[in-house]
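Biologist: I am new to this structure and would love a close look at a single part of it. Could you take me through chain B, strand by strand, and then show me how it meets its partner?

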Amino acid sequence: MNSLPDLLHPRWQCLKHRIKDVRAREMLKPIILACLALGFWSGTFIVFYRVLAYFQGIESLGDFLAAKLLSMILLVFFSILLFSTIIACLSIYYLSDDLQLLFSLPVSLSDVYVAKLLETTVTSSWMVLLFGTPIFLAFGVVYHAPLMFYGYWVIVFVPLIITTSTLGVMFTMTLVTVFPARRTRDIMVLLSILFTVVLYILFRLLKPESLVDPESFSSMIDYFTTLRTVSSPFLPSVWASECLLPWLQPSYRGNSGFFLLMLWSTSLALLVIGDWTSSRLYYNGWSKSQEAKRTRLTRRKTFTYALELFTKPLSPAIRMLIEKDVKVFLRDTTQWSQLLLLFGLIIVYVYNFTVLPLDRSPLPTFYLQNLFSFLNLGLAGFVLSALAVRFVFPAVSLEGRAFWIIRTSPFPLRAFMWSKFCLYVFPLIVLAVILTVVTNWLLEATTFMMMLSVITILIMTVGITSLGVGMGAMYPRFRHDNTAEISAGFGGLVYMICAMALIGVSIILEARPVYIFFLSYLKKAPLSGWFYGELSAALLLLVGINIASVVLPIRYGLRNLISMENHE
Amino acid sequence: MIKLINLTKKFGTFTAVDTVSLTVEPGTIFGFLGPNGAGKTTTIRMMVGLLKPTSGEVIIEGKNIAHEPVEAKKVIGFVPDRSFIYEKLTGREFLEFVGGLYGLSKDECREKIQTLLEVFGLTGWGEELIESYSHGMRQRLVLCSALIHNPRVIIVDEPVVGLDPRGARLVKAVFKDLARRGKTIFVSTHVLEIAEEICDRIAIIQDGRVTVSGTIEELKEIANTSDNRLEALFLRLTGEDDTRDAIAALTLERNE
């Protein structure tokens, strides 16, 4: 019996209802989202168009650079697809609510596997496809590719996606078999470490630094050879780039048909192997994930003691709320993996400052050091808002369907909001100050810039945090399956835009005083009283804007929570 | 004491609860019955401050929940029909957390928690994460949390959903004991045996309106039925006598 269409039908119906629901309720949200997506889409197209057009202008070398860029993009897509498949597969194949029903129905395991594979593929690839399209369009337009190129691109991408999906699913199935019974914590931690390692290795494989430094090669021929060599002939992303390049550059000597066959034969073979793997591993793994009635809980007395000590001066209610949030956070493995990844990104961010070749620039070192130090405020603000959208913005929504406990208790919602703010603002301030001090120290920035950066980042962090708590309450998502979807929603997007605006305004406010400072330093002229007046005014305005960012979002968020009705 | 005065809730043009007025005296177990979608849960959600009434008032121990929500909530213990709680806390931590929200110190909580866990048969599970609890155990834990601050009013939506016969018996005994100690208990339920066994007074809600209210004896008189069972009364009073015909038709079909 072929139940595949029946298995896919509910998903399709749900999607239709969701679209209908959006149409019926409010049009503003999808319009804003569509505009943003279109903006991002056009932006990506323009950037790639200009880069490729520039490459094309460089005689003989340009085509090689474009080819290398294409293979890099495909490699990044391949790794993102693979990782998102693994994450999606874990929830779709093992934790999804409909599995109980599906396994109780007279449906073959193979049909469930294929239906879930389709779901996993669509879930993990639609975003990559959506945002990847303008890049390939740019390639096509710049290289005047024939119309067939765009059709060919689809024929190349389909097997690439099938390959990543089946590989990801097989990998996850093996992992779930090795780690039995709801040991998702171990799986998630393992996955994040793995992802970081893979990302690092892939990055190193590409040797991006060598491309911008031809001098490091003994001869130009070496440089060309490096650009020309296929980096890893066993990577499907390389096959995809080998398929596409002859369409873009007629002079490119490659075997497009052979690599297309490689892609399709591999993807189809993997489909069969995946089906075979699932027939052996899937049911056992899923069954195991239902077991384990008791969860072993490791508890460190010292940690509990420290937490109690830290919260002691607070009222019992706020204290319990903070203790609860910290415990829940530490026990939620999805939070860990995200934290780990963000930590990795921060290390990369700081590392970049250690390798900046400031001394090789024709501009004065002093000027560059302090300019970077100033611009770094924006970057640090961006890192902080990225952290905040992931951890602070979901703070209210994380109460989830248990929010009725807070709502029916005599604990005021205002105190609830402020306790969330207090919980996140201190760790973020510590991190912000460390980031700023370390990067400024690495840049050897002047004391003035160091002081200004620390004061500014301190003020901005308070604003960014409060904006996160408040907007999280304005756009709460109590019914969620995983934490990541809270920040990935519409509210998270609006929050990021607001946080960026706040950072932008804060930096613009300080731009003039900093510029005056640079000039006087370079001209070796003393700073006037006017400068100090302007600086004080800028700082006062900065404080004012950030106070508004603290008070207003919390107020509107609170108002929304009070007026909300269906939050259970 | 609970007092509902002309309580009304409208969702757009649909009236879910329509001018409901009730008084529940201290020391009473009040049963709130009605068919699915009659407005029971909506009424309860307004009583505990989860929903804002369109009009009307909810007075808990003399405090209007709309005007003095904090004071009113201090004396309420609430058990919802679906027990969504923090999965990543242990049972004991969850109770400490709820106790904290009601202003109890950790020391005050500790002794109370031990007693409640014992009463509800969860002693061995206090240190386990809630995610490993069965549905019935969660329900018992939520009952513990509703009683931790020694509330004067207890509002329960479907008290025995997911409980095994032993758990259901325990809950009934606890409610009776609480009522004896002067607490006001408001219970919404589908299980008519529960209402029959423990409730002093009953109200039946249908299409958002309270159609009848009184003791079981009074309801029998109103229904004018010789059948002593509450089920017969309920079906008669909610106009669902045709359900019997449907069941009869179904039985006939099966016998053919």
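Modeller: Here is a walk through the two sheets of chain B, followed by its interface with chain A and a brief look at chain A itself. Please keep in mind that this is a predicted model.

Let's begin with the sheet built from the early strands. Four strands of chain B form an open sheet, in the order S2-S1-S4-S5, and their pairing is antiparallel. At its edges lie S2(B) and S5(B), the latter made of residues 63-64, and each of these pairs on one side only. A good place to start is S1(B), which covers residues 2-11 and is joined by seven bridges to S2(B), residues 14-24, running antiparallel to it. If you want a pair of residues to find on screen, look for Lys3(B), which stands opposite Thr23(B) in S2(B). These two strands make a hairpin with two residues between them. In that turn you will find Gly12(B), whose phi is positive, at about 65 degrees.

S1(B) also pairs with S4(B), residues 55-60, in the antiparallel sense, this time over five bridges. Here Thr8(B) has Ser55(B) of S4(B) as its bridge partner. From S4(B) we can step on to S5(B): the two pair in the antiparallel sense over two bridges, and Ile60(B) stands opposite Lys63(B) in S5(B). As you follow these strands, a general point may help: in a regular strand the side chains alternate between the two faces of the sheet. There is a helix to add to this picture as well. Helix H1(B), residues 40-47, lies across S1, S2 and S4 of chain B and runs at about 115 degrees to S1(B).

Now for the other sheet. Six strands of chain B form this open sheet, and the order is S6-S7-S8-S3-S9-S10, with mixed pairing. Its edge strands are S6(B), residues 76-79, and S10(B), residues 209-214, each pairing on one side only. On average, neighbouring strands of this sheet are turned by 15 degrees against each other, direction ignored. One pairing to look at is that of S3(B), residues 29-33, with S9(B), residues 201-206, which is parallel and has four bridges. Within it, Leu33(B) stands opposite Ile204(B) in S9(B). Helix H5(B), residues 135-147, packs on the sheet, where it touches S6(B) and S7(B), the strand of residues 153-157. The direction of H5(B) makes about 170 degrees with that of S6(B). Another helix, H8(B), residues 216-223, lies across S9 and S10 of chain B, running at about 120 degrees to S10(B).

With both sheets in view, we can turn to the partner chain. In the interface, 38 residues of chain B are in contact with 32 residues of chain A. The area buried between the two chains is about 3500 Å², and carbon and sulfur atoms give 59% of it. Three residues are worth picking out on the chain B side: Phe84(B), Tyr86(B) and Leu101(B) supply 19% of the area that chain B buries against chain A, more than any other three residues.

There are charged and polar links too. Three salt bridges are found across the interface of chain B and chain A. Lys327(A) forms a salt bridge with Glu93(B), with the closest N and O atoms 3.5 Å apart. Seven residue pairs are in polar contact across this interface. On the side of chain B that touches chain A, the elements giving two or more residues are S1(B), helix H2(B), residues 69-74, and helix H3(B), residues 91-101. H3(B) gives the most, with seven residues. By class, the residues of this side divide into 20 nonpolar, six polar and 12 charged.

Finally, a glimpse inside chain A. The axes of helix H2(A), residues 28-57, and helix H3(A), residues 61-95, come within 8 Å and cross at roughly 145 degrees. Phe48(A), Val51(A), Leu52(A) and Phe55(A) in H2(A) meet Gly62(A), Leu65(A), Ala66(A), Leu69(A) and Ile73(A) in H3(A). This contact has eight nonpolar residues, one polar and no charged ones. Elsewhere in chain A, Lys116(A) forms a salt bridge with Glu119(A), their closest N and O atoms being 3.7 Å apart. Both residues lie in helix H5(A), residues 109-142, three residues apart, about one turn of the helix.

Technical notes: Residues are numbered from 1 along each chain as its sequence is written. Chains are lettered from A and ligands numbered from 1 in the order in which they are written. This is a predicted model: local features need pLDDT of at least 70, side-chain atom pairs count only at pLDDT 80 or more; totals for chains, interfaces and linings use all residues. Side-chain values use heavy atoms; hydrogens and water are left out. Two strands pair if DSSP finds at least two bridges between them. Axes are lines fitted to C-alpha atoms, for helices over the stretch in contact, and angles run from 0 to 180 degrees between N-to-C directions. Contact means heavy atoms within 4.5 Å. Ala, Val, Leu, Ile, Met, Phe, Trp, Tyr, Cys and Pro count as nonpolar, Asp, Glu, Lys and Arg as charged, and the others, Gly among them, as polar. Buried area is the accessible area (1.4 Å probe) that two parts lose on being put together, summed over both. A salt bridge is a side-chain nitrogen of Lys or Arg within 4 Å of a carboxyl oxygen of Asp or Glu. A polar contact is a pair of N or O atoms within 3.5 Å; within protein, one must be able to donate a hydrogen and the other to accept it, and residues adjacent in sequence count only if both atoms are side-chain atoms.
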